[in-house]
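Dear colleague,

I am passing on the structure we spoke about, and below it you will find my notes on what turned up when I went through it. Please read them with the model open beside you.

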Amino acid sequence: MTDFFALLDEPRALWLDVEALKSKFHRLSSEVHPDRVHDASDAEREAANARYADLNEAYNILSSTRLRLKHFIELETGNELEAISQTPPDLMDLFFECGELCNGSDRFLREKEETESPLLKAKLFAQGMEWSDKVQVFTGRVNELITALEAELQQTDVSDLKTLEATFRRLSYYDRWQSQLRERFTKLAM
């Protein structure tokens with residue numbers, strides 16, 4: 001398993017300065033960017049492209065709190081984390097609320113797509129705004145949960161792998177919900 005912390009010359013830590021990481025990534029990747037090695041031999045270009053891809057992957061993982069945490073745990077344990085199998089009991093209400101919101105907005109979007117009458121479309125515009133507002137409010141709640149969890153993570157002992165894994169799993173749910181909500185919001189805006 002590649003240690004992306006080492007690849008980007010970062011300390012193996014739960015929390016990184018993402019802006020500094022971005023600067024370091026740009027500096028390192030510019031040295032092997034495909035545009036800079038187009039006159040090199042095939043072997044040199046291939047090596048530079050592989051290095052560029054590795055740096056890109058490392059940056060993408062380390063710049064995401066959830067992915068960085070997963071990578072940290074996997075490096076510490078030497079094992080790949082298993083997929084999430086159960087929703088934590090204290091997230092069940094939010095899980096169902098998110099599902100209901102997504103299902104409701106999907107039903108609305110289907111109705112909107114099937115509507116041909118300009119008068120009915122105008123009526124649906126207001127409903128679409130209501131759905132957008134609902135999605136934004138729930139997204140704000142999820143963002144607050146992520147912010148709180150990230151604050152807790154900054155205070156977590158790095159040797160407490162059980163707590164770190166539980167935090168990773170919660171972040172996985174929150175990220176999944178954010179993605180689902182972002183998708184609905186985009187469709188509602190069209």
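Asp 9 counts as exposed, because its relative accessibility is 61% and the cut-off for that class is over 50%. Please keep in mind that this is a predicted model. Asp 9 is placed in the loop between helix 1 (4-7) and helix 2, and its phi is near 55°, a positive value in a residue other than glycine.

Helix 2 (residues 18-32) leads on to the next point, since its axis and that of helix 3 (residues 42-62) come within 9 Å and cross at roughly 170°. Angles over 145 degrees count as roughly antiparallel, and helix 2 and helix 3 are therefore roughly antiparallel to each other. On the helix 2 side the contact is made by Leu 21, Lys 22, Phe 25, Leu 28, Ser 29 and Val 32, which meet Ala 48, Arg 51, Tyr 52, Leu 55, Asn 56, Tyr 59 and Leu 62 in helix 3. Sorted by character, the residues of this contact between helix 2 and helix 3 comprise nine nonpolar, two polar and two charged.

Further along the chain, Leu 119 belongs to helix 6 (residues 118-155). With a relative accessibility of 69%, Leu 119 counts as exposed. Between Leu 119 and Ala 148, which are 29 residues apart in sequence, the distance in space is 45 Å, taken from C-alpha to C-alpha.

With best regards

Terms used. Residues numbered from 1 in each chain as written. Predicted model: local features only at pLDDT ≥ 70, side-chain atom pairs only at ≥ 80, totals over all residues. Heavy atoms only, no water. Axes fitted to C-alpha atoms, helices over the stretch in contact; angles between N-to-C directions. Helix = DSSP H or I, 4+ residues; strand = E, 2+ residues; numbered from the N terminus. Parallel < 35°, antiparallel > 145°, perpendicular 65-115°, else oblique. Contact = heavy atoms within 4.5 Å. Nonpolar A, V, L, I, M, F, W, Y, C, P; charged D, E, K, R; others polar. Buried < 20%, exposed > 50% of the residue type's maximum accessible area, 1.4 Å probe, protein only.
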